[in-house]
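Here are my notes on this structure, written for someone who is opening it for the first time. Please read them with the sequence and the model side by side.

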Amino acid sequence: MTLMRSATEAHEELVLEHSAHNYHPLPVVVAEGAGAWVTDVEGRRYLDCLAGYSALNFGHRHPDLVAAAHRQLDRLTLTSRAFGNDQLGPFCAELAELIGKQRVLPMNTGVEAVESALKVARKWGYEVKGVPQDRARIIVAAGGFHGRTISVVGFSTDPDARGGFGPFTPGFDVVPYGDRDALAAAVTPDTVAVLLEPVQGEAGVIVPPAGYLAAVRAICDASRVLFVADEVQSGLGRTGHVLATRGAGTDADVYVLGKALGGGILPLSAVVADDEVLGVLQPGQHGSTFGGNPLACAVGRAVVGLLTDQGPGGVLAAAGRLGAVLGDRLAGLVGHGVVAVRRAGLWAGVDVDPRLGAGRAVSEAMARRGVLVKDTHGSTVRLSPPLVVTEDEIRFAVDALAGALADLAES
Ligand SMILES: *Cc1c(COP(=O)(O)O)cnc(C)c1O
């Protein structure tokens, strides 16, 4: 019998041979996507319950977003910021209005927006707060994830993320996440900002204790420190709110957005804040060749349009409703191969009994059952389906998880 290489193996081999080995993907090679579903190179269909780490909040190729992209592709795609373009102003105005702040700084990737927010916070510290030159400090939370640049991995507490990449940018203090006393104790007169995720995504959908974000707000107010909320993953609908911070009843000074802002079509990120903060940037002090390009802005405007519908038929309401279904179904698995479930809207971290296997093994077993998820670390699996899934599809996903756990228990 001849051993035929499958189309999946052929694609995997090319990637292994010619791309850097910075990922260890599941053995699924996707060729097409529509809504919550993708089809692989061998014609197998999967329910996408990772949704590009929330970059695909509106599903694959949402018709409104694809139409906006097509219209703009046929008109104008790039100008650079050396000139104006007719999408930038409306995009900034519409996003600022959605978020309820005065100004938008458009960038491309999430980590670029995080870096931009850190630069702005430092400059605000010197020019507005009056911190002595080069003394600014920024507090961050242990276990957080903010991207992959040298400055950002420099304050990561994940040894894989930092190892071998030093020396790092100074000026960061790490405190435990969810601990208001530790945060209050870490503030010094040179502290300019606190940067954290309102729900820690990569850490496994860690929801902080009730009242924590309000306490962060109060601590920042008491010491004139900026509260910078990294909502790259938690924002734009995932938790059933435009912003998870607002969903928790409080407000940050600076919001960092990314992922879903580009509609799953292209990279688009932004820093959103009031004039007192973003106003510190003058011409020449920050920039990006692609930031604010008309194609990204046109897609971003369509994304803002989807989020502006805050009625019962909109994506935000759907995330809340579907999240409750997801939570109910997952609760039924606790004690049956699942140790704990954390959830915020349509976003769940599931800690699997480590005796059954690592999160990776669970993800592989779920893929065999037609559902794509990704382990975060250890035995945690994250479920973040597109906000356009149906209740039946959520049941299908949780049944696949239950089936995967049964498969692992038998093997
Ligand atoms: C994904 C993510 C980032 C980084 O976004 P990239 O587009 O990958 O650079 C930053 N912060 C949070 C909270 C994220 O989830």
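1. By class, the lining of the second largest cavity comprises eight nonpolar residues, no polar ones and one charged residue; here Ala, Val, Leu, Ile, Met, Phe, Trp, Tyr, Cys and Pro count as nonpolar, Asp, Glu, Lys and Arg as charged, and the others, Gly among them, as polar. The residues in question are L47, C49, L326, L383, P385, V389, E393, I394 and A397, and helix 14, residues 391-410, gives the most to this lining, with three residues. The space inside amounts to about 40 Å³. A cavity is a set of points, on a 1 Å grid over the protein atoms alone, where a 1.4 Å probe fits but cannot get out, and lining residues have an atom within 4 Å of a point. Grid points are joined across faces, edges and corners, and a volume is the space filled by probe spheres set on the points. Helices (H or I, at least four residues) and strands (E, at least two) are DSSP runs, numbered from the N terminus.

2. Some conventions should be kept in mind: the model is predicted, local features need pLDDT of at least 70, side-chain atom pairs count only at pLDDT 80 or more, and totals for chains, interfaces and linings use all residues. Residues are numbered from 1 along each chain as its sequence is written, and side-chain values use heavy atoms, with hydrogens and water left out.

3. How many cavities of 30 Å³ or more does the structure hold? There are two, and the largest has a volume of about 50 Å³. Its lining consists of G144, F145, H146, G147, R148, V152, V153, F155, S156 and A161, which divide into five nonpolar, four polar and one charged.

4. The ligand has around it T109, G110, V111, F145, H146, G147, E197, D230, V232, Q233 and K259, where a residue counts as near if one of its heavy atoms lies within 4 Å. By class, this shell holds three nonpolar, five polar and three charged residues. F145, H146 and G147 deserve a second look, since they are listed both around the ligand and in the lining of the largest cavity.

5. Several polar contacts, meaning pairs of N or O atoms within 3.5 Å (within protein, one must be able to donate a hydrogen and the other to accept it, and residues adjacent in sequence count only if both atoms are side-chain atoms), can be followed at the ligand. A backbone N or O atom of V111 is 2.8 Å from a ligand oxygen, while a polar backbone atom of F145 lies 3.5 Å from a nitrogen atom of the ligand. From K259, a polar side-chain atom comes to 2.6 Å from an oxygen atom of the ligand. Of the 380 Å² of accessible area that the ligand has on its own, the protein covers 82%, with areas taken from the Shrake-Rupley method with a 1.4 Å probe and, for residues, only the protein chains shown counting as cover.

6. The second largest pocket, a pocket being an open set with protein on both sides within 12 Å along at least five of seven lines, has a volume of about 480 Å³. It is lined by 19 residues, of which R81, V104, L105, P106 and L281 are the closest to its centre. Strand 4 (103-107) and helix 3 (88-99) each supply at least two lining residues, and the largest share, five residues, comes from strand 4. The lining divides into nine nonpolar, eight polar and two charged residues.

7. Two residues in the loop between strand 3 (45-48) and helix 2 (63-73) merit a check of the backbone, namely S54 and R61. Although not a glycine, S54 has a positive phi of about 90°, and R61, also not a glycine, has one of about 55°. Are these residues buried or exposed? S54 is buried, because its relative accessible area is 1% and buried means under 20%, whereas R61 is exposed, because its value of 54% is over the 50% limit.

8. A cis peptide bond, with omega about 0°, joins G166 and P167. P167 is placed in the loop between helix 6 (159-162) and strand 6 (172-175).

Definitions and conventions: Buried means under 20% relative accessible area, exposed over 50%, partly exposed in between (1.4 Å probe, protein chains only).
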